[in-house]
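Here's a walk through a two-protein model, meant to be read with the structure open beside you. The tour starts in the core and works outwards from there.

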Amino acid sequence: MLRWIRRVAWGSVAVLGFLVLAISAGWFVTDGPLADRPVATGPASLPIGGPFRLIDHRGRAVTEADFRGRPMTVFFGFTQCPDVCPTTLGDMTALIEALGPEADRLHWLFVSVDWERDTPETMAGYLEAYDRRIVGLSGTEAHVAAAARAFRIYYRRVPLKDGGYTMDHSASVFLLDAAGRFAGTIDHQESHAVALEKLRGLLTSQ
Amino acid sequence: MRTLLPGLLAGTLALAAAAHAQPSDITVSLAWTRAVGATAPTAVGYLTLRNRGANPDRLISAETPAARAVEIHEQRREEGVMRMRPLPDGVPVPPGETVTLGPGGTHLMLVGPTRALARGERVPLTLHFERAGQVHVELSVEAAGTRQPAHAGH
Ligand SMILES: [Cu+2]
């Protein structure tokens, strides 16, 4: 009887020990020092920049294949966003101006995560204030979800008290090379000079 | 000079209007917004609020003829994710302090602009404070998406 109790006790110690190890290992990888920079979510084995099917702001159906052959900058947002998204679009416009004719050798994409409100017409109206080279992409709930998955983007619809909603979304600008391979990010807080350097690097590596 | 004069005049008028309403402890500076197209669903408002009095005050609401409604929002970035939320209690302005509403932080969201906002023009805005009451200001329209007004610090 005593031996049996001792066995159970040791058994529980082993199980507990395993749990502690497993949980802390999990923490290390997901939130702890071994975690990826939190620009994107989804399985790390998935490359950033997979296939998508969306509609551009002129109403044309497009896929990732339409944007191959030139490096691409892409970020996710929504048009009922008065602060962060305009800042990013303003940064993009400033980068396009600074690059001059070289800017034509890149694709500039703004993808909406607000599948319900952002139609191609809404996107077109919103983008009017920025450089004409920025292409707005929107789509159905399923197509937006697939595009977000392809870029390992986090987004979430957040209901508000007044019955409306807002969108949470990842902030980064993703860079892909001409073959559609992930080539880095531009952070919201990085300076214009650093961002410009990254884009010039992307262009010369082609 | 041609652009300076109307600006000065408007500024003086706005100041006069504010002063006439009541001696306010709240001063508003650096009031600006960013250009948007005619069908943009939202625009923004940024301001610097200073409380020169001895009592706490609070910005509780705002309105402008240039938009259907004005909401007070905060913007936070958590682990690379942008989150924008309404501030139902408004923006506290403690005595002796300066509070800045600016890009990437607390801002006014102009919901449903009634027209395009073009760079260089000015947009009237009425602020409602808990103690100071109404304060009239004008937002100067800066470049779309810019991180700071062209004449910051002037
Ligand atoms: Cu907002």
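The largest nonpolar core holds 83 residues, and the members that touch the most others are W108(A), F151(A), L47(B), L108(B) and L127(B). A nonpolar core here is a set of buried Ala, Val, Leu, Ile, Met, Phe, Trp, Tyr and Cys residues joined through side-chain atoms within 4.5 Å. Helix α2 (residues 84–99) of chain A gives the most to this core, chipping in seven residues.

Some ground rules before going on. This is a predicted model, where local features need pLDDT of at least 70 and side-chain atom pairs count only at pLDDT 80 or more, while totals for chains, interfaces and linings use all residues; side-chain values use heavy atoms, with hydrogens and water left out. Residues are numbered from 1 along each chain as its sequence is written, and chains are lettered from A and ligands numbered from 1 in the order in which they are written.

**How far to trust it**

The model scores ipTM 0.80 and pTM 0.79. Chain B averages a pLDDT of 88, and 82% of its residues score at least 70; pLDDT is the predictor's confidence in each residue, from 0 to 100. Residues 15–21 of chain B fall below 50, and beyond near neighbours in sequence that stretch has two contacts in the model. A contact means heavy atoms within 4.5 Å.

**Chain A in outline**

Chain A has five helices and nine strands, and along the sequence they follow the pattern α-β-β-β-α-β-α-β-α-β-β-β-β-α. Helices (H or I, at least four residues) and strands (E, at least two) are DSSP runs numbered from the N terminus. Of the 206 residues of chain A, 47% count as buried. Buried means under 20% relative accessible area, exposed means over 50%, and partly exposed is in between (1.4 Å probe, protein chains only). Looking at contacts in chain A with a separation of 6 or more, residues 24 or more positions apart account for 69% of them.

G77(A) makes a handy stop. This glycine lies in strand β3 (residues 72–77) of chain A, and G77(A) counts as buried because its relative accessibility is 0%. Leaving aside residues up to four places away in sequence, G77(A) touches C85(A), F110(A), V111(A), S112(A), V113(A), D114(A) and H169(A). G77(A) and F182(A) are 105 residues apart in sequence and 19 Å apart in space, C-alpha to C-alpha.

**The copper site in chain B**

Which residues coordinate the copper ion? The donors are H73(B) through ND1, M84(B) through SD and H107(B) through NE2, at 2.1 to 2.2 Å. Donors are N, O and S atoms within 2.8 Å of the metal (3.2 Å for Na, K and Ca), and water is not among the atoms, so sites may look incomplete. In sequence, the donor residues are spaced H-x10-M-x22-H. H73(B) lies in strand β4 and M84(B) in strand β5 (residues 81–86) of chain B, so the pair ties together parts that are eleven residues apart in sequence.

Both H73(B) and M84(B) are buried, with H73(B) at 3% relative accessibility. Strand β4, which houses H73(B), covers residues 67–78 of chain B. The side chain of H73(B) also makes a polar contact of 2.8 Å with that of E71(B). A polar contact is a pair of N or O atoms within 3.5 Å; within protein, one must be able to donate a hydrogen and the other to accept it, and residues adjacent in sequence count only if both atoms are side-chain atoms. Among the residues that H73(B) touches are R85(B), P86(B), L87(B), G105(B) and M109(B), not counting residues up to four places away in sequence.

**Salt bridges**

Side chains of opposite charge can pair when their charged atoms come close. Counting a side-chain nitrogen of Lys or Arg within 4 Å of a carboxyl oxygen of Asp or Glu as a salt bridge, the total is 19 over all chains. Here are some of them:

| Pair | Closest N to O |
|---|---|
| D114(A) and R117(A) | 2.7 Å |
| R156(A) and D168(A) | 3.9 Å |
| R76(B) and E74(B) | 3.5 Å |

Salt bridges that share partners join R156(A), D168(A), E74(B), R76(B), E78(B), R83(B) and R85(B) into one network.

In the first row of the table, D114(A) is buried at 1% relative accessible area, whereas R117(A) is partly exposed at 23%. For the next row, R156(A) is in strand β6 (residues 155–159) and D168(A) in strand β7 (residues 165–170) of chain A, so this pair ties together parts that are twelve residues apart in sequence. R156(A) is partly exposed at 38%, while D168(A) is buried at 0%. In chain B, R76(B) is partly exposed at 34%, and E74(B) is partly exposed at 23%.
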